[in-house]
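Reader: I would like a close look at a single part of this model, taken slowly and with the surroundings included. Please choose one helix and describe how it sits among its neighbours.

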Amino acid sequence: MSNNQSKKGAVLLYVIMIFCLMTILGTGMIFLANHNTKMTKIEMNGEQVYQSALSGLETTLDAFTKDTVTGKAVVDQIRASGGILPLSLSGYDSAKMGAIEVTVACATSDASTCTKLVVNSTATLNGLTRTVTGYINIIEGGIDKPLVVVNVPDIDANGKNTQVCGFGWKPGKEDDCKFGKDIEKEFQQPGSKPNIDTYKKYVTQLTSNITKDCNYNNNVNKKSCNYKDRYSANMTFDISGGTIYVNIANQIENLSPLNITVKGGETDNLLVFLFNELSIKQGSIGKIEDADNIVFMAKGEGDIDLDAEQGAITMNAWILAPFSEVDAEGSNANIYINLYGGLIANKLEYGKFANLFGVKPSANLLNLISEAGINVGGGSGGAMSFGKTYDK
């Protein structure tokens, strides 16, 4: 065989080898592309089935908070049977969202006195199944009035310079307001006094992981923080990313003036100030639309004193002090206290030029009240309120 023939044979062999290699690579690339397409489709279906299950859960949780009469009927049935109750959903596109099944059961040990429900929403789409879980706190009786006080309030005022207005009030209308001594008849008592140890344990959990110090003046706070070493401040909090807890240091008792601005108040997230004892003599806290987002919460039995000695106090907030005394008094018609929200206290001393305008608590605020072990079961008519949560 000549050298030319050998070279031709070698070239032919190389061509065949390259062709085979390209064929193998091409087949591999086609397989890989098909595999990636399949995995992408599975991932898309997985995300869709998750969103469908989540939609079923959110729809059910919202239904309880918005339709408390039907919610109470569901609770009554679960308490009577002790079993798992399936709920039917309607009005959704099953072709796009798949089949969605929702069940509700009692999440506490004794179904007959159930205080929390567990909701499981399961969606099935294109052979994939996903379940998501949420919880509903049952608040017996609900909150009918913005004043929830263990003992009869002590009202040291006459005439119209002191008033308490229920949740139905509107600016300029006094149909749902009580004045002076009549306020002593216009309050709600809790179903029972909470356990102090349970309450303190819960509050300790809220503050145990706070390590960051708060920012003051022009710096925006977006996370929970410790408030210390200052007795007056202009502070801004952005709660759009979640609930913020502010742990007020033990040695600080007088915060005056205290000016608080809130961003993200359109959400259900909360801004919770936790204190031992607290005195505010002047300040402006939030806007009226923030009243169900902002909470001043006693850590134990420390009292809160709202005394407008240095200037007017406008608080758009709820005060939770179930073991404490709350004192509120303005100085005159120009130096007053206006509280938009509500309060839960052991005792209330209410003086002149102090006004309370009721704002209903949000679902997250109801959850905070329930998780703290505060029983507001003094509401009328056997009604119930519900607070949704994702925590056990």
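Author: Before turning to the helix, and bearing in mind that this is a predicted model, one may start from alanine 233, which touches Tyr216, Tyr227, Pro257, Leu258 and Asn259 when residues up to four places away in sequence are not counted. Alanine 233 lies in strand β11, residues 233–238, and because its relative accessible area is 5%, under the 20% limit, it is buried. Its C-alpha atom is separated by 7.8 Å from that of serine 256, although these positions lie 23 residues apart along the chain.

The helix to examine is α4, which runs over residues 196–207 and has 12 residues. From the first C-alpha to the last, α4 reaches 17 Å, close to the 16 Å expected at 1.5 Å a residue. Within α4, the residues Tyr199, Tyr202, Val203, Leu206 and Thr207 are buried; they cover an arc of only 135 degrees around the axis, and therefore they lie on the same side of α4. On the other side of the helix, by contrast, Asp197 and Lys201 are exposed. The cover over the buried residues of α4 includes the strands β12 (244–248), β14 (271–275), β17 (294–298) and β19 (313–329), together with the helix α5 (363–371). At the start of α4, finally, a side-chain oxygen of asparagine 195 comes to within 2.9 Å of the backbone nitrogen of aspartate 197, the residue already named as exposed.

Methods
Residues numbered from 1 in each chain as written. Predicted model: local features only at pLDDT ≥ 70, side-chain atom pairs only at ≥ 80, totals over all residues. Heavy atoms only, no water. Helix = DSSP H or I, 4+ residues; strand = E, 2+ residues; numbered from the N terminus. Buried < 20%, exposed > 50% of the residue type's maximum accessible area, 1.4 Å probe, protein only. Contact = heavy atoms within 4.5 Å. Expected span 1.5 Å × (residues − 1). Arc of directions from axis to C-beta. Polar contact = N/O pair within 3.5 Å; in protein donor to acceptor, adjacent residues only side chain to side chain.
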